[in-house]
Amino acid sequence: MQYTTTILLLVLISACATAQPQATTTFVTWDHKEIDLGQVKKGEKREMDFTLTNTSGQDVKIDLVDACECTTTDYPRGAIAAGKTATIHAVFDSTQKDEDETISIRVIFANTDAEGNPRIETVRYKFGLVK
């Protein structure tokens with residue numbers, strides 16, 4: 001019995017010692033993923049930029065940038081080469097807002113992950129509303 005326990009313990013230690021952590025590669029990195037606009041007066045417009053760096057090792061292309069009605073966006077339509085940066089420009093219009101909020105902007109890429117799913121990144125901005 002003690003011999004079996006010792007063998008099992010050695011196998012377990014060996015398995016733990018040889019296990020390699022999975023290498024993870026980032027698809028893109030962001031200069032910031034959340035912007036705090038601070039206090040915003042109702043009816044005021046604010047502009048902001050989210051800059052990404054392509055760290056995937058291949059060209060990436062943004063298919064769509066999706067946000068709420070209060071936010072308009074402009075983004076590059078062509079390929080972003082490996083190692084290059086691109087900027088998503090957003091304009092927030094607080095006219096229809098009645099309270100503080102955090103707004104998500106989804107960036108949907110033409111590139112897919114290993115399972116064939118579209119790559120989606122989310123950036124956000126938040127504000128406090130002054131009426």
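**Entry 1: Glu44 and Arg46**

I looked up Glu44 and found it partly exposed, at 25% relative accessibility. The model is a predicted one, and I read all values below with that in mind. I then asked which residue Glu44 meets in a salt bridge. The partner is Arg46, and the N to O distance comes to 2.9 Å. For Arg46 I noted a relative accessible area of 22%, which also places that residue in the partly exposed class. Because partly exposed begins where buried ends, at 20%, I record Arg46 as partly exposed at its 22%.

**Entry 2: Lys97 and Glu101**

I turned next to Lys97, whose side chain forms a salt bridge with that of Glu101. I noted 3.0 Å from N to O for this pair. Is Lys97 buried or exposed? I found a relative accessibility of 13%, so Lys97 counts as buried. Its partner Glu101 stands at 29% and is classed as partly exposed.

**Entry 3: Asp98 and Lys42**

I then examined Asp98, which pairs with Lys42 in a salt bridge at 3.1 Å, N to O. I wished to know where in the chain the two residues lie. Asp98 sits in the loop between strand 7 (85–93) and strand 8 (101–112). Lys42 belongs to the loop between strand 2 (34–41) and strand 3 (45–54). The two are 56 residues apart, and I record the pair as a link between distant parts of the chain. On accessibility, I found Asp98 exposed, with a relative accessible area of 52%. Lys42, at 37%, is partly exposed.

As a reminder to myself, side chains of opposite charge can pair when their charged atoms come close. For the chain I recorded a count of seven salt bridges, among them Asp98 with Lys42.

**Entry 4: The chain as a whole**

I checked the secondary structure and found one helix and nine strands. I followed the order from the N terminus and wrote it down as α-β-β-β-β-β-β-β-β-β.

I asked what share of the contacts with a separation of 6 or more joins residues 24 or more positions apart. The share comes to 64%.

Lastly, I looked up burial and surface. Of the 131 residues in the chain, 27% are buried, and Lys97 is one of the buried residues, as recorded in Entry 2. I noted an accessible surface of about 8,600 Å² for the chain. Carbon and sulfur atoms contribute 51% of that surface.

Definitions and conventions
Residues are numbered from 1 along each chain as its sequence is written. This is a predicted model: local features need pLDDT of at least 70, side-chain atom pairs count only at pLDDT 80 or more; totals for chains, interfaces and linings use all residues. Side-chain values use heavy atoms; hydrogens and water are left out. Helices (H or I, at least four residues) and strands (E, at least two) are DSSP runs, numbered from the N terminus. Buried means under 20% relative accessible area, exposed over 50%, partly exposed in between (1.4 Å probe, protein chains only). Contact means heavy atoms within 4.5 Å. Accessible areas come from the Shrake-Rupley method with a 1.4 Å probe; for residues, only the protein chains shown count as cover. A salt bridge is a side-chain nitrogen of Lys or Arg within 4 Å of a carboxyl oxygen of Asp or Glu.
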